[in-house]
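Let's take a look at the empty space inside this protein and at a greasy stretch on its outside. Here is the structure.

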Amino acid sequence: MPTLKLFWNILWRATACGIVIALTVQAIFGALFAVFGAAAAVTNRGTELLELTNAIPVIFGIFIFWLIGAVAGGLFSIPAGIFVGATGGILMSIITRIFFYPLKNARRYRVTIGILMGLYALVVSWLCFIAIYLLFARDNTIQSPFVPWLALIPALIAGALGYFVSGWIARWYEKAANGLKSG
């Protein structure tokens, strides 16, 4: 397989998956905020939530929390997903070409790429979140010590999904490499 074809195929798959991961992280982050809203409602209102006059505002409040989480997740995840996907694709292409071309041990390749790309997605997603937060923060400083820890939630999700996506791309490379050997 020519190097350009290898780079292109890994790059477009990683970038497309980066966008899908971003949308998934955004949905999960929104759902976590909705759960936070539901927990706050139950804590503050308890059994009063069963009354119709209280249930409608609470459901609306939970929806607002979901919406805030989805928008906040979108501010982080869409740019980070595109960036992590494209740069991760470039990194994966380089690692594949230097260390695993031609492919001799498919299992070692899958494990190595999975761990490296999962860690890469986790670290870069976390750094992107902090950078985007600082861009929008007052005086470009972190206002709360909880922000870096809060940033770990979407970064851990992105890291786990990055591990699985890299496995999918690795299986494509295995099939393409085996197709060359037999053909």
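In this predicted model, there is one cavity of 30 Å³ or more. A cavity here is a set of points on a 1 Å grid over the protein atoms alone where a 1.4 Å probe fits but cannot get out. The largest cavity holds about 250 Å³ of space, a volume being the space filled by probe spheres set on points joined across faces, edges and corners.

Who lines it? Lining residues have an atom within 4 Å of a point, and the largest cavity has 25 of them, with I21, V84, G85, A121 and G162 nearest its centre. They split into 16 nonpolar, nine polar and no charged residues; Gly counts as polar in this scheme.

These helices (DSSP runs of H or I, at least four residues) each give at least two residues to that lining:

| Helix | Residues |
|---|---|
| α1 | 3-45 |
| α2 | 52-99 |
| α3 | 106-136 |
| α5 | 152-182 |

The largest share, nine residues, comes from α2.

On the surface, F60, F63, I64, W66, L67, I68, V71, L75, L135 and F136 make a nonpolar patch of about 990 Å². Patch residues have over 30% relative accessible area and no salt bridge, with nonpolar side chains joined within 5 Å. Here α2 gives the most, eight residues. One of the patch members, V71, sits in helix α2 and is partly exposed at 47% relative accessible area (between buried, under 20%, and exposed, over 50%).

Residues are numbered from 1 along each chain as its sequence is written. Local features need pLDDT of at least 70, side-chain atom pairs count only at pLDDT 80 or more, and totals for chains, interfaces and linings use all residues, while side-chain values use heavy atoms, without hydrogens and water.

Notes:
1 Å grid on protein atoms, 1.4 Å probe; cavity = no way out; pocket = protein on both sides within 12 Å on 5 of 7 lines; lining within 4 Å. Patch = residues over 30% accessible without salt bridge, like charges linked within 9 Å, V, L, I, M, F, W, Y side chains within 5 Å. Areas by Shrake-Rupley, 256 points an atom, 1.4 Å probe, with all protein chains shown as cover. Salt bridge = Lys/Arg side-chain N within 4 Å of Asp/Glu carboxyl O. Buried < 20%, exposed > 50% of the residue type's maximum accessible area, 1.4 Å probe, protein only.
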